[in-house]
Amino acid sequence: MNHVGLRIALISTPWPLFNRPSIQLGALKAYLGREVPKAEVDTHHVYLQVAAALGYGLYAQISERSWLSEAPYAALLYPERLDTISRFWSRHARGVFQDREIRLEKVCQTLKSVTDTIVDEKDWAAYHVAGFSINFSQLTSTLFFIHEIKQRAPDLKIVVGGSACSGEMGLSLLNTFPEIDFAVSGEGEVPLAKLCRLLLSDRQNEEVGLISGLMSRAGYRGKASEAFSQVPDLDVLPVPDYSDYFQLLNSFSPKKRFFPKIPVEMSRGCWWRKHSSKKGRGCAFCNLNIQWNGYRAKSPEKMLSEIRLLSEKYETLSLSFMDNLLPNKDLTSFFKKLASPGKEFRLFAEVRASTSREELATMASAGMRYIQVGIEALSTPLLKKLNKGTTAIENLEIMKNCETPGFPGLVSNLILHFPGSEQSDVADTLANLEFAMPFQPLKPTPFWLGYGSPVWHNPKGFGIKRTGNHPFYSYLFPGAVLRKLKLMMQGYHGGIRDQKHLWQPVKEAVARWENQYRELHQSPRSEPILSYQDGGDFLIIRERRLGEDDLNHRLKGSSRKIYLFCQQNRPLRSIVEAFPAFGEDKILSFLSMMVDKRLMFRENERYLSLAVPSKGYARDP
Ligand code: SF4
């Protein structure tokens, strides 16, 4: 290619959330636009077009379930497998679409028709490179789009990247599908920019195998699983460019338009991994970081200016932080600055359970509406096996804090069937669940084995005998294809049936919890289930009960003060020191009585009050 410029199409296929642009595409477009001035970059959010054609409601229901998401495009890729995939779809669709029966054939018809329109309306041969971002649930849809586009533009160079292409996964895609020319392992900015510069030069054939983080048919540098190439300092990144997404949305009829959320990122990787073990592997089940080598965060100043710029450019106030978890440094001062007058944001972010009440309060004042918290378990011994670095009492504390009026609402999972969990972990979970009943229920989530997670690296350590691609993939791909692939969802042998049996009582207890919570919050503006009103020298705790009258408890003098002191979990020693006149015996008998009534929680001589202020955030007494 000579100096005529390079046209690049960056494409994201179903099934990401339709109501926000792709941060991968936005970040790459901005970076390549700056680093390779001779390149012209267009982003194609084809998932938004597909969502509009399918209906936003149906798209959202399918996109929430990874196996349902992978099925329709698998049927389009391999039409001879339609019957098998149809049965697979019916099994996974049970209960998902409520009273409606949604047939796979019908979904495929719509998808085929909209995909044909998308593929036919663009002149793909006018591009030199098409880059596909493959993340969770995007594998079969990407493969189908690649197949269709490559038929119309056989000379187009196809690059795949994203979390589903890291290391051996990307290499296996390259080796299985001849339409794919390159696979990026790790983040895309640096390898893609280098590839573009090479394609603009005459050296492409000799040097393409030397680009770190890029696997090609010509070869690649080092071990596929380790040869990353990433931006060392995130502050040098340009602001993501989402203009193509907004242009597409604005081209829709008014009925199909909506106010999107803007994705922003403060960091890449996970700081907890560095703190959690010498090997830096983090939580045992997690493979969210396979794309990154180490942890990097943008400075608060860069983030503040980026958020303000994006909000003003796209005239939107809803933002989602895409970080695996928010940085642990300067969080309070960052959100204080973000909360400065003038912008009423609606924010979402993921945080660790150790996030303090003060940090949550500051986030709430900046507009944080919901947070996803890495709770995962309510048993401390199990949390240890998960390498979460948290305890049951810390988890209950953040669950309680999120119940406080005005605080961010909680979204969290409870992992079931974790390999190596024992009867005692389940018993512990069931006992502690009783104390969690006043709080937003956790979503029961069966453990799944992720490629690259610590459990996957050390299966024997968790009682797992054999690993390999998840058996469900065998419904989607022909055997000969599947044998060559290394995929994100892994299957395993070892104790699955026993684990399901073991965790059944927890599943049932969570269903009761959900039901009770829903019933007690049926009326609009309903109060927290367990709350207190402070009367200055006395305190009234109100306990709302299902099918029974409310129960009220009055605490006076030192009892009130101790209850307020334990709004954050405290060791017995510090309670005794804070209330010397009360005496340890009296304090202990008061605390035991409160635990018996489930108004407080106790773990290893630490105590936590469970009632939340009925009128929003209260400071320490
Ligand atoms: S689950 Fe969250 S905190 Fe744990 S390793 Fe993964 S990203 Fe880090």
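Two strands count as paired here if DSSP finds at least two bridges between them. Keep that cut-off in mind as we walk through this predicted model, starting with a pair that just reaches it: β16 and strand β18, residues 489–493, run antiparallel and are joined by two bridges. Because two bridges are enough for a pair, β16 and β18 count as partners. To find the spot on screen, look for G450, whose bridge partner in β18 is M489.

Now widen the view to the sheet around this pair. It is an open sheet of three strands, ordered β16-β18-β17, and the pairing is antiparallel. The edges are taken by β16 (449–450) and β17 (466–469); each has a single partner strand, so one side of each has no neighbour in the sheet.

Let us step back to the chain as a whole. It is divided into domain 1 (6–64 + 109–234), domain 2 (261–463 + 495–520) and domain 3 (530–613). The centres of domain 1 and domain 2, taken over C-alpha atoms, are 29 Å apart. Where these two domains meet, 13 residues of domain 1 are in contact with 16 residues of domain 2. On the domain 1 side, the touching residues comprise five nonpolar, six polar and two charged.

A parallel pair comes next. Strand β14 (residues 413–416) and strand β15 (residues 443–446) run parallel, with four bridges between them. Within this pair, I415 sits opposite T445 of β15. On the way from β14 to β15 the chain passes through helix α18, residues 423–436, and this β-α-β crossover is right-handed.

What surrounds the ligand? Its shell consists of C270, W272, R273, G282, C283, C286, L288, N324, L325, R352 and G374. Sorted by character, the shell holds six nonpolar, three polar and two charged residues.

Our last stop is another open sheet, this one of four strands in the order β21-β20-β19-β25, with mixed pairing. Here β21 (551–556) and β25 (612–613) are the edge strands; each pairs with a single partner, so one side of each is left without a neighbour in the sheet. Strand β20 (residues 538–543) runs antiparallel to β21, and six bridges join the two. One position to look up is F538, which stands opposite K556 in β21. Helix α23 (residues 557–565) lies across β20 and β21, and runs at about 105° to β21.

How values were computed: Residues are numbered from 1 along each chain as its sequence is written. This is a predicted model: local features need pLDDT of at least 70, side-chain atom pairs count only at pLDDT 80 or more; totals for chains, interfaces and linings use all residues. A residue is near a molecule or strand if its C-beta atom, placed from the backbone, lies within 6 Å of it. Ala, Val, Leu, Ile, Met, Phe, Trp, Tyr, Cys and Pro count as nonpolar, Asp, Glu, Lys and Arg as charged, and the others, Gly among them, as polar. A crossover is right-handed if, with the strands pointing away from the viewer, the path from the first strand over the helix to the second runs clockwise. Two residues are in contact if their C-beta atoms, placed from the backbone, lie within 7 Å. Axes are lines fitted to C-alpha atoms, for helices over the stretch in contact, and angles run from 0 to 180 degrees between N-to-C directions. Domain bounds come from an automatic or database domain assignment.
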